[in-house]
Amino acid sequence: MWATTPVERIGLDRVLMTDGPVGVRDPEARDSSAMLPAPSALSATWDVVLARRVGALFAAEARRHDVDMVLAPQVNLQRTPVGGRHFECYSEDPHLTAEIAVALVVAAQQRGVGMCVKHYVANDSETDRTRYLARVDERTLREAYLAPFERLVRAGAWSVMGAYSGIDGGGATAPALEHRPLLTGVLKDEWGFDGLVVSDWVATGSVAAAVRGGLDLQMPGPDGPWGDGLLAAVHADVVAESELDDKVRRLLRLAHRVGRLRLPDDGTTAGTRVDTPRTAEDSSALLRELVARSTVVLKDDAGLVPFAAAPLRVALLGAHAVEPFFQGGGSSFVVPDRLSYPADALRETLLAGSVVDVVAGSRVLRNPPELDLTRCTDPVTGEPGLRVELLDADGRVRRARTRTSWDGWAHDVGPHDVTLRLRARVRLDEPGTHELGVGTVGVHRVTVDGRLVSAGDVVAREDVILASGHNHPIAATTLVEGAVEGAVEGVLLEADLQVVHPVGYDRFVRGLLVHRLPGPSADDELAVAAAAASAADVAVVVVGTTHEVESEGFDRTGLALPGNQDELVRRVLAANPRTVVVVNAGAPVVLPWYDDAPAVLWGWLPGQEAGTALADVLTGATEPSGRLPWTLPAREADVPVPHAVPADGVVDYAEGLDVGYRAWERPGAPAPAAPFGHGLGWTTWEYEGATLTGAPEGARQDVELRVTVRNTGPRPGREVVQVYVEPGAEVAAADPARPVRWLGGFAVADAAPGETVTATVRVPARALETWDVAAGAWTTPPGAYRLRAGRSVRDLRLDVELVRRTEI
Ligand code: BGC
């Protein structure tokens, strides 16, 4: 699943890989890991120094788990806000994506740990993800989607992962792993990539076409077309052995780089392995700082953040305040070293005498809570617990056990096990209506007291894994009256569930048991939250997405917050105007109450330091200096690319270069709720002046804009100085496809109250260039450009003109 094959004879050890990008998951699933915030939180800091520190953390975590290469970062662009893996990506913008990713990858690799940059290329959405063709014109590919990969390759990335999807563009129409013009022509020949092209997991669909396309390593293996199939193809002269030499060399080079190739002369290990000492406290402190720094103050009209330094009664409200959405769904998941919760952290951080009242108030999940096994009895033995039986193809019980704990998964299944049978008498002694059921994938039959609840005969295979269907099965349920005859002794829940054996993955059975007790209505719960708000000095409502809606494997079907969270916010705002709303989501959600809320913070998918970081932000220990790396829409109907549903198998990138915020900047486009680059921090800034250096006319070189800013507020603060490039009227008229403005560079600057500091923003020559399709080359259209410095793409404070003549 995660390792290459060792070849003892030549001193080649296995090279062990694992996922990223939310941490370094233990490939053997034995140990926990530091759980980072989702990558878009890192890019929201716009801070390459912090990104380097996170790269070092990746290296340390990889060492701790004996991992040689991490399958991260993900540098696909946030083309549509509904994209399922939006949270795993950095930004709508290729330059911001590249700057953050390069800093991280270089820092990790300097410590001898490989990073595998994914998913090459134009793999920006999840619907039908293994099959669609992304139709992207060549210029857009070059200027937008290939751009981060190019920067990473030129910065020395050791590996690139090829995508599941296909590409209609860039000189061919082919699955990504067979796309010779892009994999071999552009990546290897033109950019000089000397690393290893790894397939996405079970993405390889051919032998000869992928060999010729430029794939170097099929993962996982040896199952799949490159197992016996590749050997057979060589023996049959369909693939020449010499075609594999370059691939072998690349694999050896990677092994050497990560210290897994012992040289024959002295038996020592080559490569750049260095020890990266790290303690759990170190990573915890770094992540706490990162998450607080990444938090974006979208608005704070009444100056509620940070809280006044006095003992306070705080109402902490929302299902996410009780159980934050720590990490998004899919392959990036890690088992965290620790989890910090907002209530605990706030109680620790607030001044003595403060009180924190915690009320969930909202309902956010479609599935009822998990069934508590203490109300279950094995119907055969009468012992407390759940009866678990494994049956073979003939329906014979091969193994049976009574379990007193059940996490919804069975992994300990053998090759002859075909069905898992779960049986329990479930005691329902509370009066009222109970909801009881099972969530699974594949062939199944679920009954309660013999009554059919759900049945299915579609066999689940690897497609289920690739669509993440196994992670979030929506349970089929039935309603049962409690406290009546029979129910008190226990209703009989029985479920026959398919053993899934996906190619390339381990066997498993999914059997999520759910049960909702009779209880207060949703409306009653909202009322309790509102009452807590009105009794408090300040209310904090945490709202967000869930693993049911934000995950790898599928795209979202809308941008609304799940459940009744909008209603919760409305009720709390009505109860207490001193309300701070914190959004716990990776990708944009529409906030219909945005104008009415005095303070709104974007808190990302924060990882293990969810609580400590939020407490630091609210109490003023750390400035929330994040800036949006994407656009927050005001209304769903305004979104330029509202979905990525393939039409006849094709996802058409018809918006061309107008990716993300660039479409929002077109004249006539609606205003977003918050634009790209927006974030207030907790102080105010005056932009005093900008000077340009290194801009001789006609020279194709980077320029520097020195931007002087003054902290005009009462607190020390961090500004993210952003520089946007705008083509002058003449240049724009000659090239209407060119965006109105785009990010040219950025820098962070820290200043004390009243202090003036100068941020040096490097704008690379490439920022002005376009891809000339006919010439197959980069070119700078001559004429005047404006470099505009400011606080977001819509808050531009200073202008400097830059003229480029015909290149010399
Ligand atoms: C994902 C990759 C991941 C791989 C291994 C795939 O389904 O697309 O990003 O690295 O699985 O878990």
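**Exercise 1.** Decide whether Pro-384 is buried or exposed, and describe its surroundings.

*Solution.* Start with the relative accessible area of Pro-384, which is 58%. Buried means under 20%, exposed over 50%, and partly exposed in between, with a 1.4 Å probe and protein chains only, so Pro-384 is exposed. Next, place the residue in the chain: Pro-384 lies in the loop between β12 (376-377) and β13 (386-391), where strands (E, at least two residues) and helices (H or I, at least four) are DSSP runs numbered from the N terminus. Then list its contacts, meaning heavy atoms within 4.5 Å: leaving aside neighbours within four places in sequence, Pro-384 touches Cys-376, Thr-377, Thr-402 and Thr-404. Finally, Thr-404 is 20 residues from Pro-384 in sequence, while their C-alpha atoms are 7.0 Å apart.

The model is predicted, so that local features need pLDDT of at least 70 and side-chain atom pairs count only at pLDDT 80 or more, whereas totals for chains, interfaces and linings use all residues. Residues are numbered from 1 along each chain as its sequence is written, and side-chain values use heavy atoms, with hydrogens and water left out.

**Exercise 2.** Work out how helix α2 and helix α3 cross, and which residues meet there.

*Solution.* First take the axes, which are lines fitted to C-alpha atoms over the stretch in contact, with angles running from 0 to 180 degrees between N-to-C directions. The axes of α2 (residues 48-64) and α3 (residues 94-110) come within 7 Å and cross at roughly 40°. Angles under 35 degrees count as roughly parallel, over 145 as roughly antiparallel, 65 to 115 as roughly perpendicular and the rest as oblique; α2 and α3 are therefore oblique to each other. Turning to the residues, those of α2 that take part include Val-48, Arg-52 and Phe-58, and among those they meet in α3 are Glu-99, Ile-100 and Leu-104.

**Exercise 3.** Find the strand order and the edge strands of the sheet that contains β3 and β5.

*Solution.* Two strands pair if DSSP finds at least two bridges between them. The open sheet has 5 strands in the order β1-β2-β3-β5-β8, and their pairing is parallel. β1 (17-19) and β8 (196-199) each have a single partner strand, so they stand at the edges, with one side of each left without a neighbour in the sheet. Within the sheet, β3 (residues 114-120) and β5 (residues 159-162) are joined over 4 bridges, and Lys-118 has Met-161 in β5 as its bridge partner.
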